[in-house]
Amino acid sequence: MSGAVPASPVQTAAPSPGPPLWLLLELTYRCPLHCVFCYNPTDFARTGAELPTAEWLRVLREARALGAVQLGLSGGEPLVREDLEAIVAEAHALGFYINLITSGVGLTRARIAALKDAGLDHIQLSFQDSTREMNDFLSSTRTFELKSQVAALIREFGYPMVLNVVLHRLNIDHVGEILEMAEALGAQYVELANTQYYGWAWLNRAHLLPSRAQLERAEAVTQRFRERVAGRMQIYFVVPDYFERRPKACMNGLGSVFLAIAPDGIAMPCHAARMLPGLELPSVRAADIRSIWYDSAAFNRFRGEGWMKEPCRSCPERGKDFGGCRCQAYLLTGDPDNTDPVCELSPQHALVTAAVERAERAGREGPGPGAAREQVLVFRDHRRSIPVVTEVPARR
Amino acid sequence: MSDLPDTVKPAISQGLKLQWEPAQDAHVLLYPEGMVKLNSSAGAIMSRCDGARTLAEIVADLEHSYGLSGLAADVRAFVALALQKHWLELRE
């Protein structure tokens with residue numbers, strides 16, 4: 001869920017790092033849903049047991065002592081953890097600002113009341129599958145009813161109603177209907193986040209990447225809607241970075257402000273970093289947060305600029321975007337030290353333009369002989385959970 | 001907005017949190033998935049915006065605490081900015 005990615009005002013990735021201001025706890029990979037755009041690792045079913053409550057509480061205390069202050073609770077679906085309320089209560093007592101990122105499945109009146117009591121500050125409700133929910137919305141069927149009830153509960157308990165919708169080729173043409181659905185849910189803030197291509201979304205990229213024309217139409221529709229609801233709703237439209245000319249300043253540089261902990265206790269400098277080769281990620285079961293953040297090889301690996309290759313190494317913008325996303329560099333080029341190929345200056349930028357061109361063709365021709373080569377859409381589930389690294393050689 | 005009356009009672013907006021962060025040596029304003037590190041004057045003003053004190057009382061308290069005078073215009077300008085950014089809201 002892209003909502004978990006910080007847009008921090010904090011400036012640089014210095015060799016001597018500041019505290020991990022942002023802490024993301026991925027409490028579980030368990031989830032009642034099977035979203036094709038999920039960023040969870042594709043081999044999630046192979047990961048170890050989830051941390052017990054006491055370990056999560058220790059992580060909270062240690063991170064807070066270092067200066068962590070923004071807390072994201074996500075997953076999987078964090079509501080499947082029965083100790084969510086206990087984790088929220090401890091985080092609140094420690095002084096965290098607590099964001100829950102949820103599909104809303106399992107958010108009953110009793111649970112939201114308990115979470116509010118425990119000190120939860122904010123809820124971001126995600127659409128699980130906006131195509132299905134939109135169909136439900138148009139036909140007034142059950143899933144949409146459930147979502148409406150959850151949205152009403154969120155408002156009733158005094159939280160702003162914040163909705164996150166992941167866009168991709170299969171639903172982006174319906175952005176107008178999606179926004180009407182958000183309005184019907186009483187959303188005050190809507191984030192239309194184009195899919196980021198990691199995890200399950202990477203496997204499904206050929207099906208999910210929209211064409212430039214689709215993107216432009218969606219932005220125009222969003223702009224008209226924005227004007228109509230000005231003052232009542234705020235709408236953010238996040239363009240997929242495959243269409244940008246410069247890479248995003250991913251995580252403000254790895255190891256600069258962001259610390260994520262996976263369900264099994266693996267500590268990561270970004271929630272997708274588990275895929276990076278040669279990065280021996282430390283576990284909170286074996287080390288404390290201070291030594292993980294400041295001393296571990298994994299968290300120091302991409303600090304500063306020493307790891308950069310050309311063209312980043314001599315680029316005047318290296319202090320602004322830190323070379324872009326390491327995971328994207330690895331997935332697309334096979335080497336996490338390369339310039340993120342989203343950047344026009346990357347010698348491998350053609351990998352990105354080729355993917356966009358394939359999307360353009362697919363958009364023009366629809367499913368046909370060209371599309372037949374592409375793999376089928378893979379829904380996230382345990383049986384299909386496979387290691388994504390086997391996909392990489394084919395794409396080099 | 002510099003015509004804010006002295007009697008308004010600014011408060012930290014609902015859903016936001018202001019707190020002192022020793023690790024950052026600053027007051028920090030926390031909001032959904034974001035934060036702003038405040039400089040010392042902004043921190044001093046915001047930490048007095050409790051929805052109970054009027055703008056005039058906040059100015060008087062600041063002038064007293066820091067042994068200064070003539071802060072009203074600066075405080076009023078900052079409060080106006082913070083209202084515009086929705087960091088503060090006015091209470092009855």
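The following exercises, with worked solutions, concern a predicted model with chains A and B.

**Exercise 1.** Determine which pattern of helices and strands chain B follows along the sequence, and assess how its radius of gyration relates to the globule rule.

*Solution.*
Step 1. The inventory of secondary structure for chain B is three helices and five strands.
Step 2. Placed in sequence order, these elements give β-β-β-β-α-α-α-β.
Step 3. For 92 residues the globule rule gives 12 Å, and the radius of gyration of chain B is 13 Å; the two values are close, so chain B is as compact as a globular protein of that length.
Step 4. The extents of the C-alpha trace of chain B along its principal axes are about 35 × 30 × 20 Å.

**Exercise 2.** Describe the burial, contacts, surface and charges of chain B.

*Solution.*
Step 1. Of the 92 residues in chain B, 48% are buried, where buried denotes under 20% relative accessible area.
Step 2. Consider contacts in chain B between residues at least 6 apart in sequence: 53% of them join residues at least 24 apart.
Step 3. Chain B has an accessible surface of about 4900 Å², and carbon and sulfur atoms account for 52% of this area.
Step 4. Chain B carries 8 positive and 12 negative charges, whose mean positions lie 3 Å apart.

**Exercise 3.** Compile the corresponding description of chain A, beginning with its helices and strands.

*Solution.*
Step 1. Chain A contains 16 helices and nine strands.
Step 2. Its length is 396 residues, of which 57% are buried.
Step 3. For contacts in chain A between residues at least 6 apart in sequence, the share joining residues at least 24 apart is 74%.
Step 4. The accessible surface of chain A is about 15700 Å², with 53% belonging to carbon and sulfur atoms.

**Exercise 4.** Check the span of helix α3 of chain B against expectation, then identify its buried residues and what covers them.

*Solution.*
Step 1. Helix α3 of chain B comprises 13 residues (72-84); at 1.5 Å a residue it should span 18 Å, and because its end C-alpha atoms are 18 Å apart, the expectation agrees with the model.
Step 2. The buried residues of α3(B) are B:Val75, B:Arg76, B:Phe78, B:Val79, B:Ala80, B:Ala82 and B:Leu83.
Step 3. An α-helix has 3.6 residues a turn, so residues three or four places apart point the same way.
Step 4. The cover over the buried residues of α3(B) includes the chain B elements β1 (9-12), α1 (40-46), α2 (55-66) and β5 (88-91).
Step 5. Just after α3(B), B:His86 adopts a positive phi of about 65°.

Definitions and conventions:
Residues are numbered from 1 along each chain as its sequence is written. Chains are lettered from A and ligands numbered from 1 in the order in which they are written. This is a predicted model: local features need pLDDT of at least 70, side-chain atom pairs count only at pLDDT 80 or more; totals for chains, interfaces and linings use all residues. Side-chain values use heavy atoms; hydrogens and water are left out. Helices (H or I, at least four residues) and strands (E, at least two) are DSSP runs, numbered from the N terminus. The radius of gyration is taken over C-alpha atoms; the globule rule is 2.2 Å times the number of residues to the power 0.38. Buried means under 20% relative accessible area, exposed over 50%, partly exposed in between (1.4 Å probe, protein chains only). Contact means heavy atoms within 4.5 Å. Accessible areas come from the Shrake-Rupley method with a 1.4 Å probe; for residues, only the protein chains shown count as cover. Lys and Arg count as positive and Asp and Glu as negative; His and the chain ends are not counted. The place of a charge is taken as NZ of Lys, CZ of Arg, CG of Asp or CD of Glu. The expected span of a helix is 1.5 Å times one less than its number of residues.
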